Amino acid sequence: MHQLTARIVAKEEVSQDIFRITLFAPAVAREAQPGQFVHLYCGDHQSYILRRPFSVHRLVGGDAFDVLVRVVGEGTRWLAGRRPKDSVDLIGPLGRGFNVDGQFSRALLVAGGMGIAPMVFLAGKIAENKVKVYTVMGAAGRAQLLDFMDLKRLTRRIAVATDDGSQGYKGLVTDILSKEIEETQPERIFACGPAAMLRSVAGISRRHGVPCEVSLEARMACGVGACLGCAVQARDAYLKVCSDGPVFTTDELGW
Amino acid sequence: MADLSVDIAGLKLKNPVITASGTYGSGKEYGQLIDINRLGAVCVKTVTLKPVAGNRPPRLWETPSGMLNSIGLQNDGVDAFIANDLPYLAALDTPIIASIAGTSVDDCSRLAKMLSALPEIDAIELNISCPNAKAGGVIFGSDEKLAADVVGKTRLATTKPLIVKLTPNTGDIAAVAVACERAGADALSLINTVLGMAVDIHTLRPQLGNVVGGLSGPAVKPIAVRMVWEVARNVGVPIIGMGGIMTAADALEFIIAGATAVAVGTANFVDPQAPIKIIEGINQYLEKKSIATVSELMGALKID
């Protein structure tokens, strides 16, 4: 865990109001694991003061990494307005990522919307361990289907669902998940996306008897496990999304 | 270097900057990011006799220049605190203030007695002001008689400096402060968070699972400075001022208004380096003004 000033080395609008920002921070890039996040101070303004958490999207060389930023409010608007050579104050890498060291040889990644953020990094990492990787991804439409080409390259089979049917199946990722599980026979499912989707993925995984890990989102203040603001109801206690997670097994959550 | 040391009822601090209870966990969460030994003191998260699960999420909502929280005093209980958190704190070279709360007067005095027996604990802060705990908490702090009762009985249970943390959610904070002083408080800390609420206009639901929560951050600072000034005029015991302190200038406002020391809370979330920057900033201010000691500034407010 470090607090440092990271220089922005690149920024690109990858879809409407979604930006890929490359941050130069060697210490963080070297330590980061898939599913971990960085806590960025988004502004020099007085009105919104809390940091915003972003998944480590992917490593860029050995010294930098990308975050994916969707503009949803003041903080993300400020961040999306930065330019190369600007700096941001960063704390990270934070939290517990996906368990990539488990004994498994086939894994299915499930991503919905901005839940795509940790998936390329994750796919690359587990592919290094000779794991066969498969992907199911969903988005509002073709334009919001981020990283499709990269995931296609890293995974053996990729299934797509879009709300408007502009690419792949018309509907939700969870509509096609059972079929993909049957086709790919994964030993692990790794999911990231909206809470309702993750609940549904957890149920489908359980019915197929496949261990599942989900990456949760929560409003955060400290990001380091001190304030207990990002609590999530787990099986028998509240857990901290920032430091116990953001990745949890669905067993831990009692889902 | 100016003399930044202060004395709070016999508790000697190398500088007047403390981290506020509830925002600093048990210290170790921030240990990788700052040198905790540079702090004036660490006030750890409130502990209770038995574990408290805390309030239903969501527990946070950001507001203009501030935030609402409704954590609800979540903690694993005093036994877990002693077993799991105290060893880290004991190794620090800065005073440790234990914060306690109870649902009854008896709880508070038992906790004070247990923690006073530990040499690693340098002072006790009695939290009678949490706006998020259903029983106890703020109920004691908003009424002079109840406050005097719990402070008096806790006083008898400890020989360590007893700090009482006050709530702004009361009609007359000075009256509660005076009652606490008479009942034996060695120092007062104020303010806890200001009771607030936010509504999601799309779902028609409250933004917090607990419906209401405590407002902190720069938004509450003017209220806090006013309350410190008002309490300082009415009591003789030292005051730890807090509420929205982000910078050295903020901290100096509290000291000039009458605080002996200050606590930094929400600012830790924004920038973990904030307490260190505040200590350095206070020193720079004193040097620039050729003021030899920070205590000279305490209550130095001039009203023409």
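**Exercise 1. In this predicted model, decide whether B:Asn192 counts as buried or exposed, and find the partner of its side chain.**

*Solution.* Start with the cut-off: a residue is buried under 20% relative accessible area. B:Asn192 has a relative accessibility of 12%, so it counts as buried. Next, place it in the chain: B:Asn192 sits in the loop between strand S10 (187-190) and strand S11 (194-197) of chain B. Finally, look at its side chain, which makes a polar contact with the side chain of B:Ser129 at 2.9 Å.

**Exercise 2. Check whether the length of helix H9 of chain B agrees or disagrees with 1.5 Å a residue, then work out what covers its buried residues.**

*Solution.* Helix H9 covers residues 274-288 of chain B, 15 residues in total. The expected span is 1.5 Å times one less than the number of residues, which gives 21 Å for H9. The end C-alpha atoms are 21 Å apart, so the two values agree. Now turn to burial: the buried residues of H9(B) include B:Ile278, B:Ile279, B:Ile282 and B:Leu286. Among the elements that cover them are strand S3 (17-19) and helix H7 (248-257) of chain B. Just past the helix, B:Ser290 takes a positive phi of about 55 degrees.

**Exercise 3. Describe the interface of chain A and chain B: how many residues are in contact, how much area is buried, and which residues form the salt bridge?**

*Solution.* Begin with the count: 24 residues of chain A contact 35 residues of chain B. Together the chains bury about 2,500 Å², with 60% of it on carbon and sulfur atoms. On the chain A side, A:Ile49, A:Arg219 and A:Tyr238 supply 28% of the area buried against chain B, more than any other three residues. Then come the polar links: one salt bridge is found across the interface. It pairs B:Glu62 with A:Arg52, whose closest N and O atoms are 2.8 Å apart. The side of chain A that touches chain B divides into 15 nonpolar, six polar and three charged residues.

**Exercise 4. Find where the cis peptide bonds at A:Pro93 and B:Pro58 lie, and place A:Asp147, which has a positive phi.**

*Solution.* Keep the background in mind: most residues other than glycine have a negative phi, and most peptide bonds are trans. The bond from A:Gly92 to A:Pro93 is cis, with omega near -5 degrees, and A:Pro93 belongs to strand S7 of chain A. In chain B, the bond joining B:Pro57 and B:Pro58 is cis too; B:Pro58 is in the loop between strands S4 and S5. As for A:Asp147, its phi is near 65 degrees. A:Asp147 lies in the loop between strand S9 and helix H4 of chain A, and its relative accessibility of 10% means that it counts as buried.

How values were computed: Residues are numbered from 1 along each chain as its sequence is written. Chains are lettered from A and ligands numbered from 1 in the order in which they are written. This is a predicted model: local features need pLDDT of at least 70, side-chain atom pairs count only at pLDDT 80 or more; totals for chains, interfaces and linings use all residues. Side-chain values use heavy atoms; hydrogens and water are left out. Helices (H or I, at least four residues) and strands (E, at least two) are DSSP runs, numbered from the N terminus. Buried means under 20% relative accessible area, exposed over 50%, partly exposed in between (1.4 Å probe, protein chains only). Contact means heavy atoms within 4.5 Å. Buried area is the accessible area (1.4 Å probe) that two parts lose on being put together, summed over both. A salt bridge is a side-chain nitrogen of Lys or Arg within 4 Å of a carboxyl oxygen of Asp or Glu. Ala, Val, Leu, Ile, Met, Phe, Trp, Tyr, Cys and Pro count as nonpolar, Asp, Glu, Lys and Arg as charged, and the others, Gly among them, as polar. A polar contact is a pair of N or O atoms within 3.5 Å; within protein, one must be able to donate a hydrogen and the other to accept it, and residues adjacent in sequence count only if both atoms are side-chain atoms.
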